[in-house]
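This report introduces a structure to a reader who has not met it before. The sequence and the structure are shown first, and the discussion follows.

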Amino acid sequence: MQHPNKTMKIQQLLPRLVSLLLPSLVLACLVLLCLPVFGQDAPEGLRPPKGAQFAIVVFEDFQCPQCGRVAPLLVQASRTYKIPLVQHDFPLPAHNWSFDAAVLARYFDTHSKEIGNAFRDAVFAHQLEINPQNLRGFAEKFAADNKIALPFIVDPEGKLAGLVRADKDLGMSLHIVHTPTIWVVSSKRTGKPYVEVTDTSQLYVMIDAMKKE
């Protein structure tokens, strides 16, 4: 049993201990609140590729009309600012050929990333003409134009489909609910390392602002 006098002494000391420790605790909290957002705090999917300071990141669906409309703008912005355009697949369940088109794009990536991106650009440019029945023929023509042999089964082991699903999972982890979802991202260690582009007419303005931070 604890002695009553000891209990009284502890109770008398508590207010003094609190008064001594409180300023330090408050200061520590203020420091934490004022810390800037560092680049390494950005989710992995919202970082520029290795060696790049800035990038445009987009999650897109090949059948999404708005994705088709903004695709040339994103490509042009990437060229204008000489920054990477990182395209992620986010095929929507309601679209009946976008997943297969994404797998085909991944197949062309195996020849070169430039060829894969050229196929993506071509699909968006001819989006309204493509359907589940002629997608294969469209890919065959693209392959022939680029002197590439398109095998009868482009993904026999399902590895390319797995890459598309991994992109979709990444998008889900970032709470994406629509396509296209676009970000301007930075590797900088101060300021906000990424910002979502909700109005594509402001894309260049947002890139300029990110570069000035």
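## The crossing of H4 and H5

Is the crossing of H4 and H5 left-handed or right-handed? In this predicted model, H4 and H5 cross in the right-handed sense. Their axes come within 11 Å and cross at roughly 135 degrees. Angles over 145 degrees count as roughly antiparallel and those from 65 to 115 degrees as roughly perpendicular, and the angle here falls in neither class; H4 and H5 are therefore oblique to each other.

On the H4 side, the residues of the contact are Ile115, Ala118, Phe119, Ala122 and Val123, and they meet Phe138, Ala139 and Phe142 of H5. Sorted by class, the contact of H4 with H5 has 8 nonpolar residues, no polar ones and no charged ones.

## Overall organisation

The protein chain contains 7 helices and 4 strands. Along the sequence, these elements follow the pattern α-β-α-β-α-α-α-α-β-β-α.

The protein chain has 213 residues, of which 39% count as buried. Among its contacts between residues at least 6 apart in sequence, 70% join residues at least 24 apart.

## The packing of H3 and H5

Helix H5 also packs against H3, at an angle of about 20 degrees and with the axes 11 Å apart. An angle under 35 degrees counts as roughly parallel, and H3 and H5 are therefore roughly parallel to each other. The crossing of H3 and H5 is right-handed.

From H3, the contact involves Asp100, Ala101, Leu104 and Phe108, while H5 contributes Leu135, Ala139, Phe142 and Ala143. This contact of H3 with H5 comprises 7 nonpolar residues, no polar residues and 1 charged residue.

## The nonpolar cores

In soluble globular proteins, nonpolar side chains tend to be buried together. Here, the largest nonpolar core has 29 residues, and the members that touch the most others are Phe62, Phe108, Phe119 and Leu150. At least two residues of this core come from each of helix H2 (65-81), helix H3 (98-109), helix H4 (113-125), helix H5 (135-145) and helix H6 (159-173). The largest share, 7 residues, is supplied by H3.

What does Phe119 touch, leaving aside residues up to four places away in sequence? The residues in question are Ala101, Leu104, Ala105, Phe108, Phe138, Ala139 and Phe142. A second core, separate from the one above, has 17 residues, including Phe54, Ile56, Val70 and Ile83.

## Two loop residues

His111 lies in the loop between H3 and H4. With a relative accessibility of 43%, a value between the 20% limit for buried and the 50% limit for exposed, His111 counts as partly exposed. Although His111 and Ile148 are 37 residues apart along the chain, 8.4 Å separates their C-alpha atoms.

Pro43 belongs to the loop between helix H1 (4-34) and strand E1 (54-60). Its relative accessibility is 28%, so Pro43 also counts as partly exposed. The C-alpha atom of Pro43 is 9.4 Å from that of Ser173, a residue 130 places away along the chain. Not counting residues up to four places away in sequence, Pro43 touches Leu174 and Tyr194.

Note on methods
Residues numbered from 1 in each chain as written. Predicted model: local features only at pLDDT ≥ 70, side-chain atom pairs only at ≥ 80, totals over all residues. Heavy atoms only, no water. Core = buried A, V, L, I, M, F, W, Y, C linked by side-chain atoms within 4.5 Å. Buried < 20%, exposed > 50% of the residue type's maximum accessible area, 1.4 Å probe, protein only. Contact = heavy atoms within 4.5 Å. Axes fitted to C-alpha atoms, helices over the stretch in contact; angles between N-to-C directions. Left-handed = near helix turned anticlockwise from the far one by under 90°. Nonpolar A, V, L, I, M, F, W, Y, C, P; charged D, E, K, R; others polar.
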